[in-house]
Amino acid sequence: MRTFVIGDIHGGLLALEQVLKKAEVTTQDTLIFLGDYVDGWSQSAEVIDYLIDLKLQQNCICIRGNHDQLALDWLENRHEDLDEEMWYKHGGKATVEGYSKISAERKKEHIAFFEALQDYYLDDENRLFVHAGFTNLNGVVWEYFSKLFYWDRTLWESALALDPKLKPDDLYYPKRFTIYKEIYIGHTPVTRIGKTVPVNKACVWNVDTGAAFKGPLTIMDVNTKEFWQSDPLNELYSDEKGRN
């Protein structure tokens, strides 16, 4: 049995099917999805259908991403935290168009899926899986604002800026990087720093390789760090814009 972590999918079902096949995933394997299943490419609703079915076949841990929460707010007609104009510009338009083609019953099933998403997952080896990050210096259990689990960017920015010469026992070493053995995140594409493969800084692994834009989707074996990638999403969906 293997444990895999999968980066942000953003409606790219073709890419998800591709990486699961490349990694030769079996029903004995555990799959940890880091969130942002929707908003971007045209198959957001189909991605959710796929994950609902997949959870019936094997152990799947599905983390909540900020785009998943935005989609849930829209599906449940909650607008106090939803700037629809901004959301449309960042992939929401494709999601709305996709959901216009499905039944009310399927929408209810998807709402249940979104509501059941986890803010984070901590395994028995003290490895944390979270969509974006956390800010509390004592860890996720102490985080006051739960939205930060899927909106925070300071964890990754701090990891990028950290002097590699600093050691964990140094007085100035960030405490957030000493709590967990490893931290796996998505949310901020590594394409922003010119990369298209998972990036490791301090104890943080960022596996969002830009599938919402022109990058590939990535699946990585948590234990061995071997990873597999799809074709770039703009090639799989050549007649669409995604979030570009």
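Trainee: Which residue in strand 10 is the bridge partner of Thr218?

Mentor: We are looking at a predicted model, in which local features need pLDDT of at least 70 and side-chain atom pairs count only at pLDDT 80 or more, while totals for chains, interfaces and linings use all residues. Residues are numbered from 1 along each chain as its sequence is written, and side-chain values use heavy atoms, leaving out hydrogens and water. Strand 9 (residues 218-221) and strand 10 run antiparallel and are joined by three bridges, where helices (H or I, at least four residues) and strands (E, at least two) are DSSP runs numbered from the N terminus. Within strand 10, the bridge partner of Thr218 is Gln229.

Trainee: Which strands stand at the edges of the sheet that holds strand 10?

Mentor: The sheet is open and has five strands with mixed pairing, in the order 3-2-1-9-10; two strands pair if DSSP finds at least two bridges between them. At an edge a strand has a single partner, so one side of it is left without a neighbour in the sheet. The strands placed in this way are strand 3 and strand 10 (227-229).

Trainee: Which residue of strand 2 does Ile6 stand opposite?

Mentor: Strand 1 and strand 2 pair in the parallel sense, over four bridges. From strand 2, Thr30 and Ile32 point one way, whereas Leu31 and Phe33 point the other way, and all are buried, which means under 20% relative accessible area (exposed is over 50%, partly exposed in between; 1.4 Å probe, protein chains only). The residue that stands opposite Ile6 is Phe33.

Trainee: How many residues are in the largest nonpolar core?

Mentor: Such a core is a set of buried Ala, Val, Leu, Ile, Met, Phe, Trp, Tyr and Cys residues joined through side-chain atoms within 4.5 Å. Among those with the most contacts inside the largest one are Leu16, Phe33 and Leu217. Neighbours within four places in sequence left aside, Leu16 is in contact (heavy atoms within 4.5 Å) with Ile9, Phe33, Tyr50, Leu51 and Leu217. The number of residues in this core is 41.

Trainee: How many disulfides does the count come to?

Mentor: A disulfide is counted for a pair of cysteine sulfur atoms within 2.5 Å. Cys62 is buried, with a relative accessible area of 4%, and its sulfur has its closest cysteine sulfur in Cys60, 5.8 Å away, which is too far for a bond. Cys203 also counts as buried, at 10% relative accessibility. By this rule, the count of disulfides comes to zero.
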